[in-house]
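Please work through the exercises below with the sequence and the model side by side. Each task is followed by a solution that goes step by step.

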Amino acid sequence: MYSHLSGGRANIQLLQEAAVREFVEILDRCEGTKAIIWDESLGGPVGLVARYTFLKEHHVTKMYPLRAEPWTDIDVKNIIFITRPNQTLMDYIANNIHEEERKRKVSRKEYFLYFLPKKSFLCEKRLQIKGVHGSLSYIGEFRCEFFPFDNDLLSMELKDAYKELYIEGDTSCLHQSACALVALQKLYGRIPKVYGIGSYAQRVWEITKALTEENGHIMTNEKGVIDQMLILDRSTDLMSVLATQLTYEGLIDEIFGINNTTVNLPAEKFNTGEGLSTDRNTEKSQFILNSKEQLYTELRDKNFNAVGAVLSRMAKSIRSRANEKHGEKTIQELKKFVESLPHIKSNEQSLATHTTIAELVQDVISSHAFLDVLGCEQEFILCSDVDKPNSFIEDMIAKEAPLSSVLRLICMQSIAGSGLKPKILDYYKRELVHVYGLKTLLTLGNLEKAGLLRQQTGSRTYHVLRKTLNLTAETPEEVSPKDITYVHSIYAPLSVRIVEQHLKPNGWQLLTEKLSSLPGPTFEDFQASPSLSNRRGSFTSELSQSDIPRVIVVFFIGGCTFAEISALRFLAQQDENNVEFVICTTKLINKNTFLDSFIEN
């Protein structure tokens, strides 16, 4: 079921299996029938490590989302709460337990609470105040730091890590990220060489080292399968989050939303039987999108303009197989053909599904509204007219376009110009407050704290980096790309360009000079094995197997997009780079989910 996770040198299925072992311990701790009440943000991610059939085998008969109103019809012996450490959720747990205690005459239940990934003293204190701490038979931890999305992709699924860091001043996600890196090294071995950009990236690495020294036993490990790690602070590249993704997977995510590898699409567009399930109430069909499906693996990282050719080629292939003459075939050849029929049928279904999805995407991106907005943002990406009020933005405000769409373009103009001139910034603020109301000021304040909107300073950081790192292309190469600019048609994500430059000989030293204008420090560190630390030449001896592809972890603190993932996969496919990436992130994000976290309702 999870075989698609084991494709790379760093076998991601090991991480899934470790999470399942943790889960089995949790479920087997209590005997008899069980109900799980989930923190709603965890139901989907935990589904990536354990399917419902697995839960049924361990006597889980019911599952509920954790909510403020208590559930009233839980007819089981054991109730297991699984939640992230969050004060509000502790109140919800208390409500549920009080409701069950009120019905104690009818049945006696046992309660178990597991924090993912670590216990919280403040949360336990909250449960004591609410008077339910003593009712819990056991309080433990579900140590699942990373969720496996694919054979090269791990996400912590921390919903608002960037907002917590920059708006709320809550740095707990940095400690969680460090714990995740410690867990990664426990499973795959010590990572000898570590690089990073940004102050929060540096903080994560410092905490990781402190935790590693506390545990001690990790440092005695010989070098593992991972050769290097690059930690990137999201704040060093905000343009790549706001730019419209133009890959197949990126567009599906921005238009329909991909959550934990599943997407919900209008059921009436698909034949009965297509998709994982159809919900009659919402009239949506659900589809799983991962590398288990061969056609999706081929399509997902392509610019959308290259998708039609792939679908057409596959349709011709299926048609030619169907039209084969079988009269002159030997028994063995016929047997082979019959054995391939299920595969052909699967390909036909896959082709039908993705042809329909492509049509749904095409309807959106061929509209004038989409193309006009894309034209405006591409002007900003090319640093065109960033020092005056933009007439297209003014028209959008006048037409009361969705606030998030307007703010995204203003933020892109601000990033491209390394801030807006005070007069222009004040003008935009006045127009926004006039049309969208006073509450917009709170949102604008959030955007300023987040570094998305600011007054112009002397240095033109983005303009300089666009030139020195070749971030933009004059003419798009979308169908047969030779550069990562294809993921946004004309723009290479700065984050991935940094990784690409780092792959070159002496790349990091050259990069450090070019990136001096970015916020926060750049750093590099070497984790020596105790057995090598006293020997000369130990640095190179661990990194010198040039014929084997290097395995590099790229860890985004604050989220990453599917376009960035596609760009990294493109680099891994180039033979001269001789590299495999394991992409880790605090959350998979897109322009909509990222900006929405700052908008005050």
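The exercises that follow deal with a strand, several salt bridges, the nonpolar cores and one serine.

The model is predicted, so local features need pLDDT of at least 70 and side-chain atom pairs count only at pLDDT 80 or more, while totals for chains, interfaces and linings use all residues. Residues are numbered from 1 along each chain as its sequence is written, and side-chain values use heavy atoms, with hydrogens and water left out.

**Exercise 1. Determine how strand β1 is placed and which strands it pairs with.**

Step 1: Helices (H or I, at least four residues) and strands (E, at least two) are DSSP runs, numbered from the N terminus, and β1 covers residues 34-38.

Step 2: Buried means under 20% relative accessible area, exposed over 50%, and partly exposed in between (1.4 Å probe, protein chains only). Five of the five residues of β1 are buried, so the strand is largely enclosed by the rest of the structure.

Step 3: In a regular strand the side chains alternate between the two faces of the sheet. Here Lys34, Ile36 and Trp38 point one way, and Ala35 and Ile37 point the other way.

Step 4: Two strands pair if DSSP finds at least two bridges between them. Five bridges join β1 to β3 (residues 78-83) in parallel, and five bridges also join β1 to β2 (residues 60-65), again in the parallel sense. Lys34 stands opposite Asn78 in β3, and its bridge partner in β2 is Val60.

**Exercise 2. Locate the salt bridges of Arg408, Lys429 and Arg497, and describe the burial of their residues.**

Step 1: A salt bridge is a side-chain nitrogen of Lys or Arg within 4 Å of a carboxyl oxygen of Asp or Glu, and a search of the whole structure finds 23 of them.

Step 2: Arg408 pairs with Glu377, their closest N and O atoms being 2.8 Å apart. Arg408 belongs to helix α16 (residues 403-416) and Glu377 to helix α14 (residues 368-381), 31 residues apart, and both residues are buried.

Step 3: Lys429 pairs with Glu448, with the closest N and O atoms 2.8 Å apart. Lys429 lies in helix α17 (residues 422-436) and Glu448 in helix α18 (residues 440-449), so the pair ties together parts that are 19 residues apart in sequence. Lys429 is partly exposed at 21% relative accessibility, and Glu448 is partly exposed at 31%.

Step 4: Arg497 pairs with Asp483, the closest N and O atoms being 2.9 Å apart. Arg497 is in helix α20 (residues 494-502), whereas Asp483 is in the loop between α19 (461-468) and α20. Arg497 is buried, with a relative accessible area of 5%.

**Exercise 3. Describe the largest nonpolar core and the surroundings of Phe581.**

Step 1: A nonpolar core is a set of buried Ala, Val, Leu, Ile, Met, Phe, Trp, Tyr and Cys residues joined through side-chain atoms within 4.5 Å. The largest has 134 residues, and those with the most contacts inside it are Phe23, Leu452 and Phe581. Its largest share, nine residues, comes from α16.

Step 2: Contact means heavy atoms within 4.5 Å. Leaving out residues up to four places away in sequence, Phe581 touches residues including Asp152, Val499 and Leu568.

**Exercise 4. Characterise the setting of Ser597.**

Step 1: Ser597 is found in the segment after α24 (591-596) and is buried, with a relative accessible area of 14%.

Step 2: Apart from its neighbours within four places in sequence, Ser597 is in contact with Asp160 and Lys163.
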